[in-house]
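I opened this notebook to record what I looked up in one protein model. The entries follow the order in which I consulted the structure.

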Amino acid sequence: MRRLFLAAGGLMLVAVPAQAMSVADFLAKVNALKAKGAMAMFSSDIGLLKQEIEGASTAYRGDLAAEAAAGKKPSSCPPPKGQAKMSSNDLIAAFEKIPPAQRGISVKAAFAAMMQQRFPCK
């Protein structure tokens, strides 16, 4: 019985990949934070949203590197990491332009589309 308990406990420790956050979920968290005003500073959702954008950015840069390595034309031509002039308000505004019926897409996909629109290759 003890082995069964340990095995079940071990299964709970196995990392389960997180599901991609949708733009709708992202914006809902943003609006909830805005409603909290100054108290939002103490919310764990700030870190969660930041982590989601950092993950989308990293994945996007990885996709660009893979395109280059495969000899394909890049889907966009952003400045080097850390040099793009984009605030969180710019990002939120871009996500809010997505029609509500299409906000089920992942933050990663929306981020990539925004970057392609904002930094087209010339």
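Among contacts in the chain between residues at least 6 apart in sequence, what percentage join residues at least 24 apart? I looked this up before anything else, and the value is 64%. I note that the model is predicted.

**Entry 1. Overall make-up.** I listed the secondary structure and found five helices and zero strands. Read along the sequence, the pattern is α-α-α-α-α. I then checked burial: of the 122 residues of the chain, 25% count as buried.

**Entry 2. The pair α2 and α3.** I took the packing of these two helices next. For any two packed helices, the description rests on the angle between their axes and the distance between the axes. For α2 and α3 I recorded an angle of about 145°, with the axes 10 Å apart. The crossing of α2 past α3 is left-handed. I also wrote down the residues that meet: α2 contributes F26, K29, V30 and L33, and α3 contributes D45, I46, L48, L49 and I53. Sorted by class, this contact has seven nonpolar and two charged residues, with no polar ones.

**Entry 3. The largest pocket.** I asked which residues lie nearest the centre of the largest pocket. They are I53, M86, S87, S88 and L91, from a lining of 26 residues. The volume of this pocket is about 670 Å³. I traced the lining back to the helices: α2 (23-36), α3 (44-69), α4 (88-96) and α5 (107-118) each supply at least two residues. The most comes from α3, which gives nine residues. I53 thus appears twice in my notes, in the contact of α3 with α2 and among the residues nearest the centre of this pocket. The class count for the lining is 14 nonpolar, seven polar and five charged residues.

**Entry 4. The second largest pocket.** I recorded a volume of about 250 Å³ here. The lining consists of D90, A93, A94, F95, K97, I98, A110, A113, M114, Q117 and R118. Both α4 and α5 supply at least two of the lining residues, and α5 has the largest share, with five. By class I noted seven nonpolar, one polar and three charged residues.

**Entry 5. F119 and S76.** I turned to F119, which lies in the segment after α5. Is F119 buried or exposed? F119 counts as buried because its relative accessible area is 16%, under the 20% cut-off. Leaving aside neighbours within four places in sequence, I found F119 in contact with S76, C77, P78, P79, A84 and M86. M86 is also one of the residues nearest the centre of the largest pocket.

I then followed the contact to S76, which is placed in the loop between α3 and α4. S76 is likewise buried, because its relative accessibility is 2%. Not counting residues up to four places away in sequence, S76 touches Y60, L64, M115, Q116, F119 and C121. Finally, I checked the spacing of the pair: F119 and S76 are 43 residues apart along the chain, and their C-alpha atoms are separated by 5.6 Å.

Conventions:
Residues numbered from 1 in each chain as written. Predicted model: local features only at pLDDT ≥ 70, side-chain atom pairs only at ≥ 80, totals over all residues. Heavy atoms only, no water. 1 Å grid on protein atoms, 1.4 Å probe; cavity = no way out; pocket = protein on both sides within 12 Å on 5 of 7 lines; lining within 4 Å. Points joined across faces, edges and corners; volume = space filled by probe spheres on them. Helix = DSSP H or I, 4+ residues; strand = E, 2+ residues; numbered from the N terminus. Nonpolar A, V, L, I, M, F, W, Y, C, P; charged D, E, K, R; others polar. Buried < 20%, exposed > 50% of the residue type's maximum accessible area, 1.4 Å probe, protein only. Contact = heavy atoms within 4.5 Å. Axes fitted to C-alpha atoms, helices over the stretch in contact; angles between N-to-C directions. Left-handed = near helix turned anticlockwise from the far one by under 90°.
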